[in-house]
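Reader: Hi! I'm new to reading protein models, and I'd like a close look at one part of this one. Could you take the charged pairs as the way in and then walk me outward from there?

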Amino acid sequence: MGWSETTGGYAVALDGTRVLCRNAAGRALKQVPPKLKDDAEVVRLRQLAEWLERHERECREQVDTWLVRSLPVPVALLARVWPDAAWQSALRDLVVAPVGADGSADTERAGFLRDADPARGLGIVDLDGDSVWLEPAEVETVLIPHPVLLEELAELREFAAELGVEQGAEQLFREVWRRPEAAEGAAGGGPAQEWRAYADGKFAQLRHATARAVSLGYRVRGGQAVCPLVEDGRQLEAAYWLGDDYPESEALTGSLEWRDTAGRRLPLAEVGPVAWSEGERMAALVYAGRVVESDEEKAL
C-alpha cells in the first residue's frame with residue numbers, strides 16, 4: 001500500500017500485516033511513535049492489519065477442514081477465491097486430485113495446484129513434472145487428499161522438495177499415523193474400542209491439559225478433547241479422555257476412542273485411515289504436553 005500522511009509530517013503504510021512509519025525527512029522508523037497510536041490513519045491501518053490476519057487464519061482453517069474431512073471442493077469455487085492473496089497462499093502447491101462421477105478421487109491424475117481460472121480450470125504440476133490444466137468441462141470438483149491417503153508419500157515429499165514447494169496449509173508434511181495390527185483385537189477376544197497408547201499422561205493440573213487441547217484447535221467436552229471428522233462421507237468424532245475433576249486437580253489422560261453421530265463407540269477395526277490418523281494426531285499433540293519425570297524422580 002502507498003504512504004498516507006499523518007500528523008507531524010509522519011507517514012504510515014501497511015506492509016502485509018505490519019504498519020510502517022517514516023518521519024518528515026523520509027527516514028524509516030523501527031516502530032510507530034507512541035504519540036501516533038491514536039491517529040486516525042494509524043488506527044485504520046492497524047484495524048485493517050488485524051482483519052487481514054484474521055482472514056488469513058480463517059482461509060487456512062477452511063482449507064484444513066476440506067483436507068481433514070475429505071470434502072470435495074468445486075473447481076469454480078477455487079477459481080473464484082484464487083485472486084484473493086490470502087486464499088491463494090493457503091491453496092497454492094497443495095496436492096489436488098480430480099473427483100470422478102462416482103465420488104472417488106483419481107490420485108493418479110493428482111498434482112500441485114499452481115493456478116485457478118474460471119475459464120481454464122485448475123493449473124497443476126502433475127506428478128511427472130508437467131504443467132497441465134484440469135478443465136472445468138471435464139473436472140467439476142477436486143479433493144485435497146489427506147496425506148495418509150496418498151500412495152508413495154515419501155516420494156511425493158521428495159518431489160515437493162525438488163520443486164521448492166512451500167504449502168500454506170499443512171498437507172504433505174503433516175505427520176500421519178496408521179492403525180497398527182495391535183489395535184484389531186482386545187483382551188477377552190472382543191473387538192477393541194479404545195486405544196491406550198496415550199493413556200496415563202500426567203498433567204499437574206487438569207486445566208493445563210484442557211488449555212493445551214484448546215490451544216491446538218480442539219474442543220473440550222465432557223472431560224474429553226474432541227476432533228470432528230468425516231470418513232467416506234460418514235460423520236465421526238475422535239475423543240481423548242483428559243479428566244472431569246476440578247480444573248486445579250492433577251490429571252491423568254485416558255483412552256482415545258472414535259464415535260459415530262449417535263454416540264456409538266466404533267470398534268478400532270472400523271476406524272478409517274483419515275479418522276485414525278487425525279484422532280491419534282490429536283492425542284499425541286495433547287500428550288506431548290504432559291509432565292515428564294526424569295529417571296532420578298522415577299526412582300524416588
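Author: Sure, let's start with one half of a pair. Glu194 is partly exposed, with a relative accessible area of 34%. Its partner is Arg265: the two form a salt bridge, and their closest N and O atoms sit 3.1 Å apart. Now look at where they come from. Arg265 belongs to the loop between strand S15 (256-260) and H6, while Glu194 belongs to the loop between helix H4 (153-163) and S10, so this pair ties together parts that are 71 residues apart in sequence. Arg265 is partly exposed too, at a relative accessible area of 29%. As a bit of background, side chains with opposite charges can pair when their charged atoms come close.

Before going further, keep in mind that this is a predicted model. The mean pLDDT of the protein is 89, and 95% of its residues get to 70 or more. Among the elements, helix H7 (residues 295-299) has the lowest mean pLDDT, 48, and helix H5 (residues 206-215) has the highest, 97.

Back to the charges. Arg259 and Glu257 also form a salt bridge, with 3.0 Å between the closest N and O atoms. This time the partners are tucked away: Arg259 has a relative accessible area of 13%, so it is buried, and Glu257 counts as buried because its relative accessibility is 9%; the cut-off for buried is under 20%.

A further salt bridge joins Arg264 to Glu270, where the closest N and O atoms are 3.6 Å apart. Arg264 is partly exposed at 39%, and Glu270 is partly exposed at 42%. Salt bridges with shared partners also link Glu194, Arg221, Glu237, Glu257, Arg259 and Arg265 into one network. In total, the count comes to 16 salt bridges.

Next, have a look at H5. Its buried residues are Leu206, Ala209, Thr210 and Ala213. They cover an arc of only 95 degrees around the axis, so they are on the same side of H5. And what do the buried residues of H5 pack against? Their neighbours are strands S10 (202-203), S11 (219-221), S12 (224-231) and S14 (251-252), plus helix H6 (273-287). So you meet S10 and H6 again here, the elements that border the loops of Glu194 and Arg265. Just after H5, Gly217 takes a positive phi of about 100 degrees.

For another helix, jump to H1 (residues 40-68). With 29 residues at 1.5 Å each, H1 should span 42 Å, and its end C-alpha atoms are indeed 42 Å apart, so the two agree. Asp39 caps the N-terminal end of H1, with a side-chain oxygen 2.9 Å from the backbone nitrogen of Glu41. Glu41 is one of the buried residues of H1, and others include Val42, Leu45, His55, Cys59 and Trp66. Just after H1, Ser70 takes a positive phi of about 55 degrees.

That capped end leads to one last residue, Thr6. Among the residues Thr6 touches are Asp39 and Glu41, along with Ala11, Val12 and Leu36. Thr6 sits in the loop between strand S1 (4-5) and strand S2 (11-15). With 12% relative accessibility, Thr6 counts as buried.

Conventions
Residues are numbered from 1 along each chain as its sequence is written. This is a predicted model: local features need pLDDT of at least 70, side-chain atom pairs count only at pLDDT 80 or more; totals for chains, interfaces and linings use all residues. Side-chain values use heavy atoms; hydrogens and water are left out. Helices (H or I, at least four residues) and strands (E, at least two) are DSSP runs, numbered from the N terminus. Buried means under 20% relative accessible area, exposed over 50%, partly exposed in between (1.4 Å probe, protein chains only). Contact means heavy atoms within 4.5 Å. pLDDT is the predictor's confidence in each residue, from 0 to 100. The arc is that of the directions from the helix axis to the C-beta atoms. The expected span of a helix is 1.5 Å times one less than its number of residues. A polar contact is a pair of N or O atoms within 3.5 Å; within protein, one must be able to donate a hydrogen and the other to accept it, and residues adjacent in sequence count only if both atoms are side-chain atoms. A salt bridge is a side-chain nitrogen of Lys or Arg within 4 Å of a carboxyl oxygen of Asp or Glu. Lists of a residue's contacts leave out its neighbours within four places in sequence.
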